[in-house]
Amino acid sequence: MFELILQTIVNALVASSATALMAVGLVLIFGVMRVINFAHGELFMVGAYAVWYLYAQNGWPFMAAIAAALVVVLLIGLVMERFLFRPMRGNPLGGLIMSVGVLFILQVVAVEFGGVGLMKHVPSAVRGTVDLFGTGVLVPWQRVVVIGVSAVLLILLWLFLHRTKVGFALRACAQDPEAAALQGISINKFSLIAMGLGAGLAGAAGGVMAPLVRVDPYMGHSVIVTAFIVIIVGGVGSLEGAVLAAVLYTFFHTFVTTFYDGTIATILGLLIMLLVLIVKPTGIMGTSEKV
Amino acid sequence: MRKSDNTLLRWLGLAALAALVAALPFIVHPYQLIFLIFLLINIILVVSYRFVTITGEWSLIHVVMMGVGAYTSAILAKDLDLSVWLAMPLGGVAAALIAYVLSFPLFRMKGFYFLIGSFAAGEAIRLTWNQFREPFGGPKGIKLIPSPELTLPGLETIDLTFPPINYYFLTAIIMALCLWIMYRLEKSRIGLTLNAIHWKDVLAESVGVDVWRYRMLAFVTGSFFAGIAGALLAHYIGTINPDRFGLAMMLYVLVWTIVGGTATFAGPIIGVVALSVLDEAFRAFDQFRPAIYGVLLILTVRFLPNGLEALPAKLLGLRDRLTGGPRTAAERPRPASGGE
């Protein structure tokens with residue numbers, strides 16, 4: 001029993017690192033551009049496909065494939081911002097509909113690229129297991145890699161946002177785009193940065209998770225549901241809240257899944273999200289928004 | 001143009017449309033009849049979706065409401081041996097009831113929060129069907145749903161789903177009835193209030209309109225008709241499962257509605273008819289369908305924000321710009337009422 005609990009904790013940590021990368025990206029995009037990116041799950045999917053193609057099919061080193069996944073999806077994000085979201089600024093529904101269009105297109109591109117029938121197998125990059133603190137609980141190295149890569153990316157993002165001038169300006173944009181614009185911060189430029197960063201993180205998350213999940217064109221659906229729950233619970237517009245909620249929610253979800261049932265876990269998650277929307281729509285760490 | 005002329009034209013147009021709907025099954029290839037039945041059901045679906053959006057709130061639960069109607073009607077008719085004729089309207093009532101209960105939490109939210117909240121509520125309902133084998137049948141859903149039968153005095157009982165032409169006319173009649181009710185509602189005082197809430201909800205509230213109640217009313221009404229559409233679907237195809245009412249279908253409904261345009265009653269109908277006919281014409285490219293929809297959606301929102309219904313006005317405007325001004329006052333395009 002003790003062993004199972006420890007294993008579940010490790011699984012929850014793995015899931016929460018990927019979820020945190022997704023949620024932080026969504027929050028960043030929403031903060032600066034006021035667009036809810038419905039295609040975020042598909043960006044995750046493209047990242048996973050990139051790693052499948054480069055690493056599993058063409059023998060690139062795993063880390064290089066992840067870096068490539070990040071860059072490819074980042075570029076997709078830049079195109080989306082420049083040509084789809086920018087003309088829609090000030091029309092939140094318009095931006096959302098644009099992202100729905102992208103969702104459809106990316107799914108078909110994935111089907112054409114890799115075929116829909118067979119599951120894409122991505123082998124583990126690092127073999128073997130590690131004995132967790134000498135307890136006899138064996139954890140595959142691949143899972144440790146996921147946690148490590150995500151942690152590094154999140155720390156880099158935090159340093160970027162809190163220690164560089166560009167990061168300061170980006171946070172200012174996210175807090176209040178209008179006031180930031182009055183200070184001479186170019187919303188266009190920072191929308192591009194936010195969208196690029198958000199998309200890149202989603203691509204990296206998809207890439208790093210590729211060996212652990214089912215890679216198929218429709219894998220984005222469950223990912224986006226989880227990410228929505230997390231950003232609502234964490235408070236839309238709070239990066240710290242998103243990370244905290246990602247950890248809390250995935251622990252909850254992984255434990256209910258392991259010890260009871262996966263679908264029930266998702267239903268409960270959705271109900272928690274509704275409850276948060278009703279009782280405290282600003283989430284656990286969000287601040288109130290001006291109308 | 002005088003008002004009486006307008007009314008006369010409108011009636012003539014309606015009569016022509018009715019004649020077309022009645023004549024279509026005798027013109028098309030028999031297998032296309034099935035396509036037409038789905039199209040009529042989808043027309044009920046998009047018109048009822050637009051009814052919900054009149055107040056300016058976009059929900060992502062509409063297709064799940066269709067599912068509520070389908071599941072309720074199927075379970076009542078199959079497991080409880082209720083007459084299909086009673087089960088179908090009860091499917092609509094069940095969807096309306098669930099919409100009413102959900103109004104309490106959901107209409108505390110607006111805009112983006114309402115959208116996400118409605119999505120969460122819908123997913124929770126859909127996953128419940130997926131989870132419980134009794135009575136929902138789990139992921140495989142419900143099979144062998146009874147079809148409606150008609151017994152006329154002195155004649156033998158006929159199965160309305162076979163041949164399909166029977167069901168086509170049943171669906172057409174129910175669709176006409178649903179559309180007529182929603183049209184009348186929109187033109188009534190209630191409909192005007194709903195529009196007022198869309199544009200100036202705070203102002204409407206300040207002059208004594210109970211905004212929550214009207215939003216609830218639009219949501220419950222739209223959901224009722226979505227439930228009817230679901231019941232029609234369930235008893236025709238005879239088998240339903242949770243996947244049929246998932247996000248993919250909801251996004252299709254969104255595409256049909258937006259590409260058609262939501263400013264007028266006819267907009268979503270134009271959208272669903274145009275895109276369905278396009279699908280049918282390019283059957284060979286079925287695997288590209290979502291991508292084509294995606295491109296159309298993006299192009300519409302970008303270049304034709306009022307949808308296909310605004311296309312004639314837009315073309316007239318283009319011609320005017322090329323030739324230098326409209327020739328007569330009557331030709332001048334009028335702005336679509338309530339367009340964004």
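How many residue pairs are in polar contact across the interface of chain A and chain B? Hi everyone, let's get to that together. First, some housekeeping: this is a predicted model, where local features need pLDDT of at least 70, side-chain atom pairs count only at pLDDT 80 or more, and totals for chains, interfaces and linings use all residues. Residues are numbered from 1 along each chain as its sequence is written, chains are lettered from A and ligands numbered from 1 in the order in which they are written, and side-chain values use heavy atoms, with hydrogens and water left out.

Now, the answer: the rule finds three such pairs, both residues at pLDDT 80 or more. A polar contact here is a pair of N or O atoms within 3.5 Å; within protein, one must be able to donate a hydrogen and the other to accept it, and residues adjacent in sequence count only if both atoms are side-chain atoms. On the side of chain A that touches chain B, α4 (92-114), α9 (220-234) and α11 (262-279) each supply at least two residues. These helices are DSSP runs (H or I, at least four residues), numbered from the N terminus. With 13 residues, α4(A) gives the most to that side.

Over in chain B, have a look at Glu280(B), which sits in helix α12 (residues 266-281). Its relative accessibility is 16%, so Glu280(B) counts as buried; that word means under 20% relative accessible area (1.4 Å probe, protein chains only). Beyond its neighbours within four places in sequence, Glu280(B) is in contact with Tyr31(B), Gln32(B) and Phe35(B), contact being heavy atoms within 4.5 Å. Thanks, everyone!

How values were computed
Buried < 20%, exposed > 50% of the residue type's maximum accessible area, 1.4 Å probe, protein only.
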